[in-house]
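Let's work through some exercises together, one small step at a time. Keep the sequence and the 3D view open while you read.

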Amino acid sequence: MGSETSGNSNNKSVVVLSKLATNEQHGENSPYFDGWKAYDNDSFHLVNNPNGVIQMGLAENQLSVDLVEEWIMRNPNASICTNEGIESFRRIVNFQDYHGLPEFTTAIAKYLGKTRQGKVKFDPKRVVMAGGATGANETLIFCLADPGDAFLVPSPYYPGFNRDLRWRTGIQLLPISCTSSNNFKITIEAVQEAYQNAQQANINVKGLILTNPSNPLGTILDRDTLKKLLTFTSQHNIHLVCDEIYAATVFDAPQFMSIAEIIDDDEIRNHCINKDLVHIVSSLSKDMGFPGFRVGIVYSFNDDVVNCARKMSSFGLVSTQTQHLLASMLSDGEFVEEFLIESVKRLRKRHEKFTNGLEEVGIKCLKGNAGLYCWMDLRPMLKEPTFDAEMSLWKLIIKDVKLNVSPGSSFNCPEAGWFRVCFANIDDQTVEIALARIRMFVDANNNVNENGVVKNKQQWKKNKLRLNFSNGKYDENAMNMNMMSPNSPIPISPLVRARN
């Protein structure tokens, strides 16, 4: 039966849904997604809504989209919806093979090699497509584990993993605690401890999941660490899943190193490493800035996993129209190389601009060299080192400063006060506005005592921008504005430590 009668006086029938449909495992109620909702309800626009929330919680790469647009203009035959490309229309729209267009998987394999500095070759026959990295991750977990099984994952980790990896598969994620004491680096000792704790709790650990480069840290794993982790997983006969969707966002030394390169290392091969336990997840969403194309890739060194994942891909294929376009684009080696070089330059420039702007007001970030974000340290702004204080500060930033940044607790960070802030999804002018808002927020709280009284009126008069913390109104154009009176009450953040 699809419904049952409720006991309500109106006698309306209640629709009975599945446990999957009604559980809370999706993670939608996380502060990570709540920040997106705040942005959706009051989106910043330079002209139409200059006082709105600026989206800095979305890791999108929009800095080099103009290069893609130029390529499309030069190559109209890459699309089946143009006069130049119409001759391929019938073949493409009728292609249904879930192996994918041969030219697409070949182009993807070449692209994967290119983004790993050509140090390793990828086999097109092992390329399995999925609906974005979300679909690729879930497909891989379905192949590797059963409900109730567990995967170890270093924390902090991407909040979407709770949805991508757990929600429909029924597996568990067991955090490996990494702390700021060593810049959140994963250690083999921490992995061993997490594994042993799971064993003692009778939890069946099926694997270790790594995000390299890291989201949210913006750091990469070095060769020695990767070797140790690969050796550990082989020794314990558990899978090693490497999410490498940010591989081409490394904008500073040291270079990114894929697990595919590690398993070809002579020293590793001598340790009897089981390649059948190694799997890679990739995507075009971050490197190329194509999240809407929903191109995710499972690349496994295990034949059975490849075959199973390909069957499962029937539920989330990439459209053949998209495959056709990308096969043409990614086969253009000259374009791909120029794009990757220029993209890295722009990411480096934006990262420097944003982190330097934060440093000017005394805000530090974890030193990173990859990704589309910074791991921002706001611990000095907490009244106390608790996650309640972190959430209060986050709410203040959302509601008053009007910036959507993501609190570290939503990434399962073991320490309060860290925030991920994305910098590659907005234009230069919006970055300036965001930095100005942060500057005003910090200055306002630095310039008041615990009773909310302005301590340095002359310092306050020098400000050329205005932020009313009581109603969240922000004025971007300061040159011809009446400045806020230095006698105006400025609500101090309830989280800022009282200063003597």
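A salt bridge is a side-chain nitrogen of Lys or Arg within 4 Å of a carboxyl oxygen of Asp or Glu. Please note that this is a predicted model, where local features need pLDDT of at least 70 and side-chain atom pairs count only at pLDDT 80 or more, while totals for chains, interfaces and linings use all residues. Residues are numbered from 1 along each chain as its sequence is written, and side-chain values use heavy atoms, with hydrogens and water left out.

**Exercise 1. Pairs of opposite charge**

Task: Find the partner of arginine 91 in a salt bridge, and say which helices the two residues lie in.

Solution:
- Step 1. Recall that side chains of opposite charge can pair when their charged atoms come close.
- Step 2. The partner is glutamate 103, with 3.3 Å between the closest N and O atoms.
- Step 3. Arginine 91 belongs to helix α4 and glutamate 103 to helix α5 (residues 102-114), so the salt bridge ties together parts 12 residues apart in sequence. Helices here are DSSP runs of H or I with at least four residues, strands are runs of E with at least two, and both are numbered from the N terminus.
- Step 4. Check the cover, using these cut-offs: buried is under 20% relative accessible area, exposed is over 50%, and partly exposed is in between (1.4 Å probe, protein chains only). Arginine 91 is partly exposed at 44%, and glutamate 103 is partly exposed at 30%.

**Exercise 2. A longer reach in sequence**

Task: Aspartate 303 forms a salt bridge with arginine 126; which of the labels buried or partly exposed fits each residue?

Solution:
- Step 1. The closest N and O atoms of aspartate 303 and arginine 126 are 2.7 Å apart.
- Step 2. Aspartate 303 sits in helix α12 (residues 303-312) and arginine 126 in the loop between α5 and β4 (127-131), so this pair ties together parts 177 residues apart in sequence.
- Step 3. Aspartate 303 has 46% relative accessibility and counts as partly exposed, whereas arginine 126, at 19%, counts as buried.

**Exercise 3. The span of a helix**

Task: Work out what helix α6 should span, and compare that with the distance between its end C-alpha atoms.

Solution:
- Step 1. The expected span is 1.5 Å times one less than the number of residues.
- Step 2. Helix α6 (residues 132-144) has 13 residues, so it should span 18 Å.
- Step 3. The end C-alpha atoms of α6 are 19 Å apart, which agrees.
- Step 4. Now look at the cover: 11 of the 13 residues of α6 are buried, among them Glu138 and Ile141.

**Exercise 4. A threonine in a loop**

Task: Where is threonine 169 found, and what does its side chain reach?

Solution:
- Step 1. Threonine 169 is in the loop between α7 (161-167) and β6 (172-177).
- Step 2. With a relative accessible area of 5%, threonine 169 is buried.
- Step 3. The side chain of threonine 169 reaches the backbone nitrogen of isoleucine 171 at 3.3 Å.
- Step 4. Beyond its neighbours within four places in sequence, threonine 169 has contacts (heavy atoms within 4.5 Å) with Glu138, Ile141, Phe142 and Pro147.

**Exercise 5. The whole chain**

Task: How many helices and strands does the protein chain have, and what share of its residues is buried?

Solution:
- Step 1. The protein chain has 17 helices and 17 strands.
- Step 2. Of its 500 residues, 54% are buried.

Notes:
Polar contact = N/O pair within 3.5 Å; in protein donor to acceptor, adjacent residues only side chain to side chain.
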